[in-house]
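Here is a guided walk through a protein model, meant for someone who is new to reading structures. Have the 3D view open and turn it as you go.

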Amino acid sequence: HGVSYRGQPFRYGGDFGELLHDGNFCIDGIVSPDRKIKSGTREMKKAYQPIVFSRTGEGISVFNRNYFEPLVGTLRFIYKEYGKEMGTEEIPVAVAPRTAVKVRCKDMQTILVCFLTAKELPGIPAETEIASEGFFRECFRFSDLCGKAGIVRRKDGIFVHTAATDYVLNSGDGVVSVERGGVILGYIRPTVWRAPTDNDRDVERWLRNAGNEVENIFSDGTSVTIKGRFVLAGRRPFLRYTFCYVFGDDGFDVTADYHIMESFIPRFGLSMKLDASFDSLRYCAYGPGESYADKHLGAYKDVFSGKIAFEYSHLYVRPQESGSHWGADFAEVSDGKTVVRAEGMQSFSAIGYSAETLADAKHDDELPVSDGTYFTVDFAMRGIGSHSCGPELPDCYRLLGHARGKIGFRFFSAK
């Protein structure tokens, strides 16, 4: 629910001078107030679809979830390799209730399949897609690091020189500056915060002011190690980490050993602000819409390309976390001259707003003009859940305890 008030975009509780209200509690429906499709809409459609697709040795299995209604129609296949369409195919199929049929198909890296009805159903015209699925053949490995780095201890941290890029690892907060061709590309900093969703409201006040403290930074001549912690007010630690950086000519790999002591942490990762000219995106992850550990039914894994301006969803009346892609192999942002690539992360986002900007705006139309590209890659990201008016987030989607991860950054010229 939402109210378009005096020609303004949608408003919610508290916007009309009332003292007692529920804020934006009732404006987070499956569709927007004007019935536009959101990522949650696609998630619901996928959960309700009457077919379960699964991969078999030579094709796919099509299971009819209905108890009484047979499914008669056409399977439409799209075959892709690294995001490029390689061909299509249509196969007629009939599936009796509560049974499965096996259908042969081609073997490709990405297989997209959908079921189109042969006849009109109540409220559904013939030739309507009522079920879909995507299958992706995993093939990721980290790209090799070549060349040697010169590592020098300085008063403000550790300086790293390579053939193409220079870095400074700050001894105070662990921030890594990236300089290429005499120009600072950006600063990479650890982060534990995301713009709160309705389900994150109870932790915002804790994490907004959390501090990141470096306890030790040292080098053995071939790598750089940073030991640090995130602390709450009173300097009570809630996350301890050890980063080990290994550098090459075109970038670095960072391995993280970390221990999270509080279950409300929404993410642990690295964030880099780039100039707004870095407006192009290419990635391999669940897309093309946003996806999370507990919210990716409506997405599929493939290689996608697009503009960063379209990554953040403006359908959220109150700005919040949006635009993440789960199950990532790599993501590349580019200004047409330089490419910044991250690989190996659990999820990532590349949007035109910082988490702080999103959290400070009460309405989407109050967001300022983007001042850059915010590229965030996660060792781990908490699920979205439904705790604003439902059960608490299941433990399997929370971040707690000891874990280990690895993320690679690469910097190179665009072709």
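What follows goes from open pockets to a closed cavity, then to a few residues worth finding by name. Keep in mind that this is a predicted model.

Let's begin with the pockets. The largest pocket has a volume of about 830 Å³. Its lining is made up of 36 residues, and the closest to the pocket's centre are Asp 28, Asn 199, Lys 295, Ile 384 and Gly 385. If you sort the lining of the largest pocket by class, you get 15 nonpolar, 11 polar and 10 charged residues.

Now move to the second largest pocket, which holds about 620 Å³ of space. Here 31 residues do the lining, with Arg 189, Pro 190, Thr 191, Ser 271 and Glu 356 closest to the centre. Several elements each give two or more residues to this lining: β14 (183–191), β15 (211–219), β19 (267–274), β25 (347–351), α3 (355–360) and β26 (373–381). Which element gives the largest share of the lining of the second largest pocket? That would be β14, with 5 residues. By class, the lining of the second largest pocket divides into 15 nonpolar, 9 polar and 7 charged residues.

Next, the closed kind of space. The structure holds 1 cavity of 30 Å³ or more, and about 50 Å³ of space lies in the largest cavity. To find it, pick out Glu 69, Pro 70, Leu 71, Val 72, Phe 115, Thr 117, Ala 118, Lys 119 and Leu 121, which line the largest cavity. Two strands, β5 (71–81) and β8 (110–117), each supply at least two residues of that lining. Sorted by class, the lining of the largest cavity has 6 nonpolar residues, 1 polar and 2 charged.

Let's turn to the aromatic rings. There are 28 aromatic pairs in the structure. One of them is formed by Phe 252 and Phe 411, a tilted pair with 6.4 Å from centre to centre and 45 degrees between the planes. Why is this pair worth a look? Phe 252 lies in strand β18 and Phe 411 in strand β27 (residues 401–413), so the pair ties together parts that are 159 residues apart in sequence. Are the two rings' residues buried or exposed? Phe 252 counts as buried because its relative accessibility is 0%, and Phe 411 is buried too, with a relative accessible area of 1%.

Stay with strand β18 (residues 251–260) for a moment, since Thr 255 is found there. Thr 255 has a relative accessibility of 19%, and because buried means under 20%, Thr 255 counts as buried. What does Thr 255 touch, leaving out residues up to four places away in sequence? The answer is Thr 242, Phe 243, Cys 244, Arg 404, Gly 405 and Lys 406.

That last name leads to another ring: Lys 406 lies over the face of Phe 142, at 4.4 Å from the ring centre. You can find a charge placed over a ring elsewhere too, where the charged end of Arg 341 sits over the ring of Phe 330, 4.4 Å from its centre.

From Arg 341, look across to Gly 40. Gly 40 and Arg 341 are 301 residues apart in sequence, and their C-alpha atoms are 29 Å apart in space. Gly 40 lies in helix α1 (residues 39–48). Leaving out residues up to four places away in sequence, Gly 40 touches Ile 30 and Lys 295. You met Lys 295 earlier, among the residues closest to the centre of the largest pocket. Gly 40 is one of the buried residues of α1, along with Ser 39, Thr 41, Glu 43 and Lys 46. What covers these buried residues includes β9 (129–136).

Finally, have a look at the backbone. Arg 35, in the loop between β2 (10–11) and α1, has a phi near 65 degrees, a positive value in a residue other than glycine. Glu 127, in the loop between β8 and β9, also has a positive phi near 65 degrees. Arg 35 is exposed, with a relative accessible area of 72%, and Glu 127 is exposed at 51%. The last stop is a cis peptide bond, which joins Gly 287 and Pro 288 with omega at about 0 degrees. Pro 288 has its place in the loop between β20 (280–287) and β21 (300–307).

Conventions:
Residues are numbered from 1 along each chain as its sequence is written. This is a predicted model: local features need pLDDT of at least 70, side-chain atom pairs count only at pLDDT 80 or more; totals for chains, interfaces and linings use all residues. Side-chain values use heavy atoms; hydrogens and water are left out. On a 1 Å grid over the protein atoms alone, a cavity is a set of points where a 1.4 Å probe fits but cannot get out, and a pocket is an open set with protein on both sides within 12 Å along at least five of seven lines; lining residues have an atom within 4 Å of a point. Grid points are joined across faces, edges and corners, and a volume is the space filled by probe spheres set on the points. Helices (H or I, at least four residues) and strands (E, at least two) are DSSP runs, numbered from the N terminus. Ala, Val, Leu, Ile, Met, Phe, Trp, Tyr, Cys and Pro count as nonpolar, Asp, Glu, Lys and Arg as charged, and the others, Gly among them, as polar. Buried means under 20% relative accessible area, exposed over 50%, partly exposed in between (1.4 Å probe, protein chains only). Contact means heavy atoms within 4.5 Å. Rings of Phe, Tyr and Trp (its six-membered ring) pair if their centres lie within 6.5 Å; planes under 30 degrees apart count as stacked, over 60 as edge-to-face and the rest as tilted. A charge sits over a ring if NZ of Lys or CZ of Arg is within 6 Å of the ring centre and within 35 degrees of the ring normal.
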